[in-house]
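Colleague: Let's walk through this model together. I'll ask, and you reason it out.

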Amino acid sequence: VVPAGTVVGTSDTQTLTAKRVTARVGSTTSSATPTINTDNEDIYELTAQTVDITSFTTNLSVTPVDGDQLEIRVTGTAARAITWGTGFVAGPAALPTTTVTTKTLYVYFEFDSVVTHWVCMFSGSLP
């Protein structure tokens, strides 16, 4: 299929207008050490969490560049403890240390190439 209009070049500097970028979503049902590959996932959902999270860093696969964004959503079956590991640091927002009962916890990160970590920009829970 030949696209209509101008084709975006791989090495050109171009401005895109009226284009939608669809987030890549990965998910797992309950894990103490979830596997996140930020080369393939922009949003990671951890659902029906039945155990404490002992590390988000252990199975973290990344080749991030400065400014990459990652959203992690955790829905527990009760309050669950969270240990982030060395790949994540507090920033404008503190790293949350627990989920809140069965509410979904949303945590938004941006990669900072100076500190070489995912920096917590926001966290909060919704029912």
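## Strands, sheet and core

Modeller: Start with one residue: Gly124 lies in strand β8. Keep in mind that this is a predicted model.

Colleague: Is Gly124 buried, partly exposed or exposed?

Modeller: Buried means under 20% relative accessible area, and exposed means over 50%. Gly124 has a relative accessible area of 22%. That value falls in between, so Gly124 is partly exposed.

Colleague: Which residues is Gly124 in contact with, leaving aside neighbours within four places in sequence?

Modeller: Sequence distance and distance in space are two separate things here. Gly124 and Val107 are 17 residues apart in sequence, yet their C-alpha atoms are 6.7 Å apart. The contacts of Gly124 beyond four places are Thr104, Leu105 and Tyr106.

Colleague: Which strands stand at the edges of the open sheet?

Modeller: Read the order of the 6 strands: β1-β3-β5-β7-β8-β6. The pairing is mixed. Each edge strand has a single partner, so one of its sides has no neighbour in the sheet. The edge strands are β1 (25-29) and β6 (88-90).

Colleague: By how many degrees are neighbouring strands of this sheet turned against each other on average?

Modeller: Direction is ignored for this value. The average is 25°.

Colleague: In β5, what is the bridge partner of Leu46?

Modeller: β3 and β5 run parallel, and 5 bridges join them. Leu46 has its bridge partner in β5: Val74.

Colleague: Which element gives the largest share of the largest nonpolar core?

Modeller: This core has 19 residues. Phe56, Ile72, Trp84, Phe88 and Phe109 touch the most other members. Two or more residues each come from β3 (43-49), β5 (69-76), β7 (104-112) and β8 (117-126). The largest share, 4 residues, comes from β7.

Colleague: Which residues form one aromatic cluster with Phe109?

Modeller: Phe109 touches many residues beyond four places in sequence, including Leu70, Ile72, Leu95 and Val119. Trp84 and Phe88 are also among them. The partners of Phe109 in the cluster are Phe56, Trp84 and Phe88.

Colleague: Is the aromatic pair of Phe111 and Trp118 stacked, tilted or edge-to-face?

Modeller: The structure holds 6 aromatic pairs. In this one, the ring centres are 5.3 Å apart and the planes make an angle of 70°. Planes over 60 degrees apart count as edge-to-face. So the pair is edge-to-face.

Colleague: Are Phe111 and Trp118 buried or exposed?

Modeller: The cut-off for buried is under 20%. Phe111 has a relative accessible area of 10%, and Trp118 is at 2%. Therefore Phe111 and Trp118 are both buried.

Conventions
Residues are numbered from 1 along each chain as its sequence is written. This is a predicted model: local features need pLDDT of at least 70, side-chain atom pairs count only at pLDDT 80 or more; totals for chains, interfaces and linings use all residues. Side-chain values use heavy atoms; hydrogens and water are left out. Rings of Phe, Tyr and Trp (its six-membered ring) pair if their centres lie within 6.5 Å; planes under 30 degrees apart count as stacked, over 60 as edge-to-face and the rest as tilted. Buried means under 20% relative accessible area, exposed over 50%, partly exposed in between (1.4 Å probe, protein chains only). A nonpolar core is a set of buried Ala, Val, Leu, Ile, Met, Phe, Trp, Tyr and Cys residues joined through side-chain atoms within 4.5 Å. Contact means heavy atoms within 4.5 Å. Two strands pair if DSSP finds at least two bridges between them. Axes are lines fitted to C-alpha atoms, for helices over the stretch in contact, and angles run from 0 to 180 degrees between N-to-C directions.
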